Amino acid sequence: MSAKPVSELSGKELLYRHLGHLQYLATPKALRLTERDDYETQRRKCDWLARGEKGVFKPDQLIKRRGKHGLVHLGGHEELKAAFQKRRGETIQIGKTTGRLYSFIVEPFVAHEDKDELYVAIVSGRDEDVILFYEQGGVDIGDVDAKARRLSIPVLLNEDEQKPSEEQLRELIGDLGEKTGMVTEFISELYRVYKQLHFTYLEINPLVVVNERVYLLDLAAKLDETAHFLCSELWKGRGGEEVEFPAPFGRDLTVEEQYIADLDAKTGASLKLTILNRKGRVWTMVAGGGASVVFTDTVCDLGGATELANYGEYSGDPSETQTYEYAKTLLSIMTEGAPHPKGKVLIIGGSIANFTNVAKTFSGITKAFETFADKMREHRVTIYVRRGGPNFQEGLRKIKEVGERLSLDLHVFGPETHMTAIVGAALGVRPMPEATVEPHATGRFLLQPERNVSDGGLMEQIRDYCVFFRGVAVQDLTSPVPPPLTTNGSPVKKQRTGGTVRAEGEPVTPPIEGEGAAVGSEGPAFDGAAIGSLFERGTKAIIWGQQQKAIQGMLDFDYVCRRDCPSVVASTYPFTGDNKQKYYFGHKEILLPAYKSMERAFKCHSDASVLVTFASLRSVYETVTEALQHPQIKVIAIIAEGVPENQTRRLIKLAAQKGVVIIGPATVGGLKPGCFKIGNTGGMMDNILASKLYRPGSVAYVSRSGGMSNELNNIISANTDGVFEGIAIGGDRYPGSTYTDHVLRYQKDPRVKMIVLLGEVGGVEEYRIVDALKKGEVTKPLVAWCIGTCADHITSEVQFGHAGASAHGQGETAAAKNAALAEAGAHVPASFDDLGKTISAVYGDLVERGVIVPKPEVPPPAVPMDYSWARELGLIRKPASFMTSICDERGDELLYAGVPITRVLEQDLGIGGVLSLLWFQKRLPAYANKFIEICLMLTADHGPAVSGAHNTIVCARAGKDLVSSLVSGLLTIGDRFGGALDDAARQFSEAFDKGWSPMQFVNEKRKQGTHIMGIGHRVKSINNPDKRVEILKKFAMDRSVFTQETPLLDYALAVEKITTAKKPNLILNVDGAIGVIFVDILRQSGMFTPAEAAETVEIGALNGLFVLGRSLGFIGHYLDQRRLRQGLYRHPWDDITYVLPEGDSLLERESG
């Protein structure tokens, strides 16, 4: 939702802050009260109230006409306190909406007469801002639309010039006597702030002017929430308070709604939940903004409004975890309380997704099912599922399998079933839909599609399909594949044309009516300029952004449409240098240039007429503005959602001046079968093939929703000869082009025989279509339906689907629009559930009258599948290049040996716990984790003189970087310096396991003439013990902490007694102590098998403790040297003994 209401207190604080320079503007400090406050405590914090001045008390919860409803109270301290006590927590009804009063403001009373009250408002529109003014304000103003004078201020490219002149304002205001000048200046400044702060609506009623002062007595305002990144610092009150965006009256957020809202704020996906009736029995979980409205409409249209429990959506490719949290929250409310006598219904629906991985989101839903299975059975929940899109088969299979395993009453359907057909069945008012024998299937890419053509469509062809992905072909070898035949029955010979394998004499798509060249053939392109055509077979585009997947999808569409060359000629992205990027055109690898400079991209590709920009909402304005400076551009598609409305309006203005059509913002794009598609429009290739989008049909459509446009592709292909063109104009409040723009284009194009319009609640654009029908400007059959009819059944204010889907008057409701369209001559179904039937009936009539002559179906060429997607679908397998068992970063949360990183932190496992997970794949006891941390601390450093630290220092002083210096120190670690942990552990373990006594062990090593690793120190001795070893021994022998036996440590200490008797410095050193204690942990903690314990020592894990610990010290030495700014190290001569041969003796021996 872009235009979002703010509280009255926030609206006034914004104006007081930004209009504070107007000396005549009264800027009192209002008191905020909530139902939980103590009135006396809060009163004492307010200076003017503490002084006993009179005040005005009223709720601040977006309630209209508060005075008319008796909610405004005047008076002194006692009256205000009484009003607060009366109203706090009170439940009242305003119209059809019932809500609780919990937030209030108290302001100073302004003594004035009715003649001092004025009315002023500013409203934003697509092409203009309108200032309304009337000299009689207040609660009795009446029909302000009829009374107020209006001043229209057109949107200008230069925002500084977009302002009313003093003459215009004086004409608007009229003669107010001595107040005229003050009011004129105030409104001028008010409009400046209105633009600066990105208001979309502002009403002050009354605006009181008395005693040469201006007072804002009552205010209602909306801000463009999408402009937050521009106005985050501006949207603060005088004390730095953030702007308040309260929920609509009667729509106080529940705990669950707030939880979903918080989830939504943390993700790029869209998660919305509104609880309408906690005790309702019909619940929905719908993917897609437009689809969520359609499903809710259908529930209401079929008589389920009183039982409807919620409205919401999950869309934008949410992760499995996010979907799980959403589904879990929904099910927790659905299964609370006592079971409903009739049981409950859960409708899991959605349109055919463009890019959302259905299987991934359904994994989250099935996980929620497993959590709530018992509760769902207890409440007799019946589940109806209908979904389509990428990998939907795996998603449907998974949810059906889980339903059967959990004994849930579950009915599953795919895109072969009309989108809302499950609603009637769920409500029990229509029969259960029947799934078709041949459902759509991902991966059914036709390797030889010209075979088995029948009048029944492509299903017979698809039965004998091959999956072909890049570099590998997987065929069904259960039956022989006959060679394709020409029309005379003889086997064909193959020839290559433009990267596509085609047969001599193979059938081609018949010519499009009015087009000179057949699809797939070379010939003159159709001149669409005269009829405003946006895309033809030769259309070429430049893509802004790193969008390899979308580009590859466009190229695959080109290939299946038999285009001679790719539609994408280049991409541009300012954050990378010029380069070439690899893509596929069919199974051929091609290189497309990517440019840092957009100007260079257009200069090098002067034939590109379309820009598809994936720039973010923060940068898209500058990107499109730059693109509009290039006269070759005719169409710009803006994918980003939530572009600030003031920026969008200026882009629309600039595009109109340049003669450029903008599709979007907030769009998936559009497509023209057989010619061109934008980005991810149309979804995956299986949907493109199933909806026959590879060749043109006779039906053109326009909608707002991207997901619903995909559904229209499905509905139209199932009920007609297919889509000719489809455009999703975008969900933001001001789309760059309108329904009417595209409908009138379709009217001019002789190839379009009928038109489909999918409008929605909010706005008045559909009435322009009504006018066009009445005037005869649109004469082709128009099937129209406006979604959002459910708004008439929902008492509280709900934001439906898109930013523009909100009615601000009876005329903007979906029901009113549908009635007007029907009256004007459009074919309007009874509900969306009947849309396909209406389209079929109109199409059938056109065929019967000969307006449309169905053409023979010509199958598309084989389209290779990306290897990665084939693997995602489980169609192929490939040995992995790497294997790992310690960490997984692929999901929503990093896993250490299967343990989520959040749990690692919540349970305070520490460095020792992390190391135990990553090194040993085990959750070791707390004392073992503590021992690891002690080892790291004790081995962190041993001064600058040891070889590792010395090397690190020398490297650092030579100017090397940290990594190089660290590595030079680490490379010295070995048998002579550190690195003895493994050997010490191994030697002591072997002696202990053989049953040797400590004396036998010492004697055996003496016979072998080898040192006992872990015994001996150059400096420390039995008389001067190593404190590090003492710490380790004390820790390991404290059974209150170290709760296990340490037999190998005991054995090593017995060996130490023997060796120190010979020489005092032959003590158990730190390497030996760490080694034997760790072996004790491996063997005695119960966490390792004997084989695992032996393997851990064998693979060098214990030496890793020394390496990791000493790395801390080496890094410290490096940083120390850099801080001290030490120069290049040169070893002193007097510390080097030179032993060269004497005199010329070497030369003499060589000559002799």
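These are my notebook entries on two residues and two helix pairs in a predicted model.

**Entry 1: serine 571**

I looked up serine 571 and found it in strand β25, which covers residues 568–572. I then checked its accessibility. The relative accessible area is 6%, so I recorded serine 571 as buried, the cut-off being under 20%. I next listed its contacts, leaving aside neighbours within four places in sequence. Serine 571 is in contact with Ile542, Ile543, Gly545 and Ile551. I also noted contacts of serine 571 with Gln581, Pro593, Ala594 and Tyr595.

**Entry 2: aspartate 1026**

I turned to aspartate 1026, which lies in the loop between α33 (998–1008) and α34 (1027–1036). Is aspartate 1026 buried or exposed? I entered aspartate 1026 as buried, because its relative accessible area is 5%. I then followed its side chain, which reaches the backbone nitrogen of arginine 1028 at 3.0 Å. Not counting residues up to four places away in sequence, I found that aspartate 1026 touches His1017, Lys1020, Ile1067 and Val1070.

**Entry 3: helices α28 and α38**

I examined how helix α28 (residues 910–920) packs with helix α38 (residues 1101–1124). The angle is about 135°, and the axes are 12 Å apart. I therefore classed α28 as oblique to α38. I recorded the crossing of α28 and α38 as right-handed. Which residues of α28 and α38 meet? On the side of α28 I listed Leu915, Trp919 and Phe920. On the side of α38 I listed Ala1101, Gly1104, Leu1105 and Leu1108. I sorted the residues of this contact of α28 with α38 into six nonpolar and one polar, with no charged residue.

**Entry 4: helices α6 and α7**

I then took up helix α6 (residues 166–173) and helix α7 (residues 180–196). For this pair I noted a packing angle of about 115° and axes 10 Å apart. I entered the crossing of α6 and α7 as right-handed. From α6, the contact is made by Glu166, Leu169, Arg170 and Ile173. From α7, I listed Thr180, Gly181, Val183, Thr184, Ile187 and Ser188. How do the residues of the contact of α6 with α7 divide? I counted four nonpolar, four polar and two charged residues in the contact of α6 with α7.

Definitions and conventions: Residues numbered from 1 in each chain as written. Predicted model: local features only at pLDDT ≥ 70, side-chain atom pairs only at ≥ 80, totals over all residues. Heavy atoms only, no water. Helix = DSSP H or I, 4+ residues; strand = E, 2+ residues; numbered from the N terminus. Buried < 20%, exposed > 50% of the residue type's maximum accessible area, 1.4 Å probe, protein only. Contact = heavy atoms within 4.5 Å. Polar contact = N/O pair within 3.5 Å; in protein donor to acceptor, adjacent residues only side chain to side chain. Axes fitted to C-alpha atoms, helices over the stretch in contact; angles between N-to-C directions. Parallel < 35°, antiparallel > 145°, perpendicular 65-115°, else oblique. Left-handed = near helix turned anticlockwise from the far one by under 90°. Nonpolar A, V, L, I, M, F, W, Y, C, P; charged D, E, K, R; others polar.
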